[in-house]
Amino acid sequence: MSNATKISTNRDILGASALRPDGAAKVSGKFEFSSDLHAEHMLWGATLRSPHPFARIISIDFSAAYKISGVEAIITAQDVPGKKTYGLIASDQPVFASEIVRYVGEPIVAVAADHPETCRRALAAIKVVYEVLTPITDAEVALLPQTLQIHPDGNLIRHQRIVTGDQDLQGDVIVEGTYEMGMQDQAFLGLEAALAIPDSGGAGVEMYVATQWLHEDQKQIAACLNLPLDKIRLTLGGVGGAFGAREDISLQVHCALLALHTSRPIKMQYSREESFYGHVHRHPAKIWIRHHATRSGVIQRIESRMVFDGGAYASTSSAVLINGITHIQGPYKCSNATVDGFAVRTNNPPCGAMRGFGVVQACYAHESQMDKLAVACGLSPVEVRLVNAMVTGDKLITGQVVESVAPVARCITETDSIAMPAPLAHDANALEIVGGSGLTSLPHNIVRGVGWGVSIKNLMYSDSFDDFATARCRLQDGVVHLKYATVEVGQGFVILAPQIARSVLGVDEVVIDPVDTRIGSAGSTSASRQTWMSGGAVDGACRLVRQRLFEHVGKLHDIDPLRLVIEDTDVVDMLGDFRISVIEASTGVLFEETFEHHHRPTEELDANGQGNCHVAFAFVAHRAVVDVDVELGLVKVIQIATAQDVGRVLNPIAALGQIEGGIAQGLGLAVMEEIVLDNGKMRNPSFTDYLLPTALDAPEVVAIMIEEPEPQAPLGAKGIGEPPCISVTPAIAAAIRNATGRDLPRVPIRPQDICL
Amino acid sequence: MTVAIPQTLREALAFSSANPNAQIIQGGTDLMVEINFNHRKPTDVIALRRVEEIRNYAYTADKSKVIVGAGLPYQKMEHGEIAELFPALAQAARTVGSPQIRAAGSIGGNLGTCSPAGDALPVLSALNAEVNLRTETGSRDISVHDFMIGVKRNDRKPGELIISVTLPIIQGWQGYAKVGVRNAMVISVASCCLVVDRKLGAISVALGAVGPTIIRCRETEQWLATQIDLKSISAVAPNLLKEFGERIANESKPIDDHRSTAAYRRHAVATLSRRLLVRANTK
């Protein structure tokens with residue numbers, strides 16, 4: 001039920017529910033994912049990983065492995081010709097551990113062999129002797145001065161404070177709590193995979209890889225291989241989801257090294273279990289927070305201490321931390337704050353980017369607090385949020401003024417206007433109520449709860465980073481070729497880009513050239529940024545080409561190019577009768593332009609956490625209706641109502657897909673998705689035991705898209721990928737609290753948390 | 001690795017007699033996971049999927065029992081005659097995995113693996129099923145209680161094939177319930193099957209995933225029979241219901257693991273058994 005702009009034509013232009021070109025191939029199993037890559041005479045690569053969360057490597061003996069027929073290479077840290085470490089922000093993660101292993105699953109050796117089974121045998125034949133050390137798996141313990149430093153860079157990855165306004169203010173109403181979040185996995189379905197083909201003579205390597213950011217991979221691989229950037233050429237392999245887990249290097253360097261070592265193409269792909277060890281996860285966090293407010297519920301001051309467990313290596317922890325602390329106020333006005341944030345190194349699996357990027361943790365804490373504040377002030381959950389709702393022009397606790405369109409109150413009231421679901425019927429289909437196929441519950445066992453969550457999310461990279469995007473547009477004979485390095489991970493740029501070209505240039509046929517590093521960077525497909533950034537680049541390139549086309553037509557027909565516009569598929573003189581189809585006008589002529597889109601610069605935070613560190617913001621509200629079997633602690637989310645600040649809807653069906661998918665992921669975090677750790681070891685690295693929501697768990701989603709075009713955004717559209725998964729988690733938690741009367745300070749909420 | 005693909009029961013028995021230690025595969029829903037994880041590396045495999053004789057069911061001559069083929073897929077038990085005769089089995093069958101898994105998985109596989117979380121096993125236990133084993137030269141029938149020995153251990157001897165189970169048709173209510181952390185396609189955290197035999201005035205309760213193997217709550221069954229008349233439907237008093245659940249929980253032997261805690265599992269079987277007893281006594 002989107003209120004998207006109605007389109008008067010059936011052309012797949014901006015605003016139309018254009019269908020993805022890869023959709024049918026994906027649902028029918030014909031899409032070529034990276035794990036389907038193949039090359040003649042290729043070898044398989046595999047990785048030996050640490051079984052210990054913390055240990056000293058005494059010796060590695062691979063003599064027996066070398067004797068196995070079919071084994072072509074065995075490489076360790078000694079075989080890394082360039083930089084021995086990599087990392088997105090700090091380069092602190094070894095390509096191969098050589099002296100110390102710091103988490104279970106850390107790579108130590110890679111092998112290449114003629115068959116995956118030969119690889120497996122070779123790995124089994126390698127003998128590593130460890131001196132096992134006591135792992136440090138509690139972030140608070142890791143921070144203590146007497147604790148052993150896990151890494152030369154120390155146990156503190158980053159500390160940042162936000163100190164602003166009156167530091168002594170005490171509100172008439174004070175509510176506080178400590179909230180915890182477990183470790184969520186991105187659990188994309190298309191496993192890590194790459195194919196590396198060495199240049200003859202070993203001068204370089206051609207790689208096909210499922211990633212989120214080709215140019216960043218290229219940079220990190222080249223540094224480790226000690227090769228010039230242009231010797232590492234990356235082409236995007238088919239990606240089956242990412243959610244942040246493909247931002248960091250996983251198998252890329254290993255695969256390239258093995259290819260150069262053997263002078264043979266190397267294929268690497270992770271199994272589902274290895275995937276859990278091979279990529280970063282969402283940070284577990286512990287957040288203490290205290291709100292000071294007036295009796296009428298107006299927030300006056302926030303105090304908070306936030307601790308993010310970064311695991312063994314830094315990855316993007318420092319940026320996640322900045323996002324966490326700068327969003328702890330939520331989408332609410334607040335002038336006084338004392339916030340202390342820590343990103344900490346432990347011997348847990350490394351954590352980094354995941355959809356929501358630090359804001360998920362903050363939102364769970366601030367929304368839990370809003371409900372406490374509502375109770376303390378005698379307000380409803382909706383009232384307390386409306387009283388405090390931020391508007392454009394408000395100043396954040398970082399001192400940054402919110403210049404983005406900020407329809408927070410509208411998100412809340414429009415969500416509130418969505419009809420509640422029908423009450424649970426006494427003769428409801430047993431499969432469709434709590435307990436599902438388990439037939440645990442009857443309607444009289446079930447209590448219904450309602451809960452709210454509202455969030456603010458930054459868009460694009462922050463903290464002075466210039467994450468620009470590049471695109472090239474070529475028009476000839478009425479056909480547009482677009483070239484960019486923008487990674488399609490499922491978000492839909494593959495359909496959005498042609499929609500932009502059709503709208504700007506009046507063509508119907510748009511060809512996407514191979515997505516690779518043979519053009520400038522597009523930045524990462526993350527931070528809800530590609531529609532804005534790469535969309536802006538494609539739009540910019542197409543507009544430049546349109547200008548060339550108008551100049552060409554104007555010259556030929558003696559019309560001032562300024563009078564020309566595109567109308568459907570024609571070039572039209574606004575002030576006369578002249579009309580020519582774009583196809584005809586571009587026949588035999590090539591127009592080509594490249595455009596880089598940069599967002600406005602941002603600043604780093606100062607020591608007091610002050611600075612214009614973010615580019616822009618998006619907002620969303622969620623209302624969850626949840627049925628709870630209070631006695632058994634089982635839940636079923638019945639309905640999620642949401643109104644999301646999207647700026648402008650460019651493709652309604654794709655936008656709804658992002659909203660529904662994000663809600664399912666946030667639901668997973670609320671009630672089932674958690675990597676269970678026991679002293680640094682994962683207990684459930686499989687889809688048997690890492691539970692993702694099924695069709696019977698997914699709720700009805702009723703979505704309203706609030707269209708208030710964002711002036712800063714090239715297409716008026718805000719990024720919409722992350723917001724759906726952020727405030728839905730606290731909304732579901734609040735609904736369960738509402739049904740049970742329990743505090744439930746930790747997600748995911750387990751059955752025993754509800755009923756024991 | 002050799003894989004034998006017999007087309008008939010006779011061929012299957014010949015293969016298993018010739019190679020008594022061969023790994024038997026039925027639907028493969030457990031075994032293939034173990035192979036994929038490298039937990040098991042069988043050298044010889046006998047695949048029973050094509051043996052049609054064990055993918056059916058039939059009444060015994062006196063019509064008092066039904067013989068269910070070890071290879072009958074769970075999908076076929078969800079509806080139809082089996083579901084009418086053994087509602088608890090149909091309910092358990094519906095909780096097994098996804099539609100794809102239910103099209104492959106079977107009672108033979110559940111018994112062969114003998115995991116305490118095997119979804120159909122509490123039903124077989126509560127129904128006092130007999131397991132029918134065959135070799136090329138002989139056959140034997142064994143009570144399911146004696147067949148299930150421990151965690152993933154059963155009494156199948158080398159060379160024997162599980163060909164069917166015999167289930168008595170019981171006059172009275174029966175039902176099954178299973179707790180998992182999502183609403184479908186989930187491994188059991190705790191499960192319970194309750195069967196009332198109105199003719200005998202007896203009740204049987206079996207629990208899954210709360211001990212090394214399926215647990216029959218015989219003490220509680222006998223105690224309840226002294227408290228209420230099980231030959232007719234009668235409301236169970238709240239204090240009796242409470243004690244019933246507590247006694248059931250006391251007979252369970254759950255552990256803490258990554259799926260749940262012992263305390264929750266005890267609570268879950270108490271709750272499920274009470275609810276099933278109420279359902280059994282609700283018209």
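Guide: Two residues are in contact here if their C-beta atoms, placed from the backbone, lie within 7 Å. This is a predicted model, and contacts between its chains are counted on that basis.

Visitor: Okay, how many residues of chain A are in contact with chain B, and how many of chain B with chain A?

Guide: On the side of chain A there are 26 residues, and they are in contact with 25 residues of chain B.

Visitor: Which element of chain A gives the most to that side?

Guide: Helix α18 of chain A gives the most, with three residues, and both β27 (634-645) and α18 (751-755) of chain A supply at least two residues each. By class, the side of chain A that touches chain B divides into eleven nonpolar, nine polar and six charged residues.

Visitor: Since α18 came up, what is the peptide bond like just before it, from A:V747 to A:P748?

Guide: The bond from A:V747 to A:P748 is cis, with omega near -5 degrees, and A:P748 lies in the loop between β31 (746-747) and α18 of chain A. For context, most peptide bonds are trans.

Visitor: And what about the phi of A:D477?

Guide: A:D477 is not a glycine, yet its phi is positive, at about 50 degrees. Residue A:D477 is found in the loop that runs between β19 (469-476) and β20 (479-484) of chain A.

Visitor: Let's step back. How many helices and strands does chain A have?

Guide: Chain A has 18 helices and 31 strands. Its radius of gyration is 27 Å, close to the 27 Å that the globule rule gives for 756 residues, so chain A is as compact as a globular protein of that length. Along the principal axes, the C-alpha trace of chain A spans about 75 × 75 × 60 Å.

Visitor: Same thing for chain B: how many helices and strands?

Guide: Chain B has eleven helices and 14 strands. The radius of gyration of chain B is 19 Å, close to the 19 Å that the globule rule gives for 283 residues, so chain B is as compact as a globular protein of that length. Taken along the principal axes, the C-alpha atoms of chain B fill a box of roughly 60 × 45 × 30 Å.

Visitor: Back to chain A then. Into which domains is it divided?

Guide: The division of chain A gives domain 1 (34-134 + 191-239 + 246-278), domain 2 (285-462 + 604-755) and domain 3 (467-597).

Visitor: How many residues are in contact between domain 1 and domain 2 of chain A?

Guide: In chain A, 18 residues of domain 1 are in contact with 21 residues of domain 2. Helix α7 (residues 272-278) of chain A gives the most to the domain 1 side, with four residues, and that side of domain 1 has nine nonpolar, three polar and six charged residues. The C-alpha centres of domain 1 and domain 2 of chain A lie 36 Å apart.

Visitor: Now some helix packing. At what angle do α15 and α17 of chain A pack?

Guide: Helix α15 (residues 652-671) and helix α17 (residues 728-740) of chain A pack at an angle of about 50 degrees, with their axes 8 Å apart. The two helices, α15(A) and α17(A), are therefore oblique to each other, since the angle falls in none of the ranges under 35, 65 to 115 or over 145 degrees. The crossing of α15(A) and α17(A) is right-handed.

Visitor: Which residues make that contact?

Guide: From α15(A) the contact is made by A:I663, A:G666, A:L667, A:L669, A:A670 and A:V671, and from α17(A) by A:V728, A:T729, A:I732 and A:A733. The residues of this contact of α15(A) with α17(A) divide into eight nonpolar, two polar and no charged.

Visitor: And α10 with α11 of chain A, what angle there?

Guide: Helix α10 (residues 381-388) and helix α11 (residues 408-417) of chain A pack at about 160 degrees, with their axes 9 Å apart, which makes α10(A) roughly antiparallel to α11(A). The crossing of α10(A) past α11(A) is left-handed. The contact is made by A:V382, A:R385 and A:L386 of α10(A) together with A:A409, A:I412 and A:D416 of α11(A), and by class its residues are four nonpolar, no polar and two charged.

Conventions:
Residues are numbered from 1 along each chain as its sequence is written. Chains are lettered from A and ligands numbered from 1 in the order in which they are written. This is a predicted model: local features need pLDDT of at least 70, side-chain atom pairs count only at pLDDT 80 or more; totals for chains, interfaces and linings use all residues. Domain bounds come from an automatic or database domain assignment. Ala, Val, Leu, Ile, Met, Phe, Trp, Tyr, Cys and Pro count as nonpolar, Asp, Glu, Lys and Arg as charged, and the others, Gly among them, as polar. Axes are lines fitted to C-alpha atoms, for helices over the stretch in contact, and angles run from 0 to 180 degrees between N-to-C directions. A crossing is left-handed if the near helix is turned anticlockwise from the far one by less than a right angle, and right-handed if clockwise. The radius of gyration is taken over C-alpha atoms; the globule rule is 2.2 Å times the number of residues to the power 0.38.
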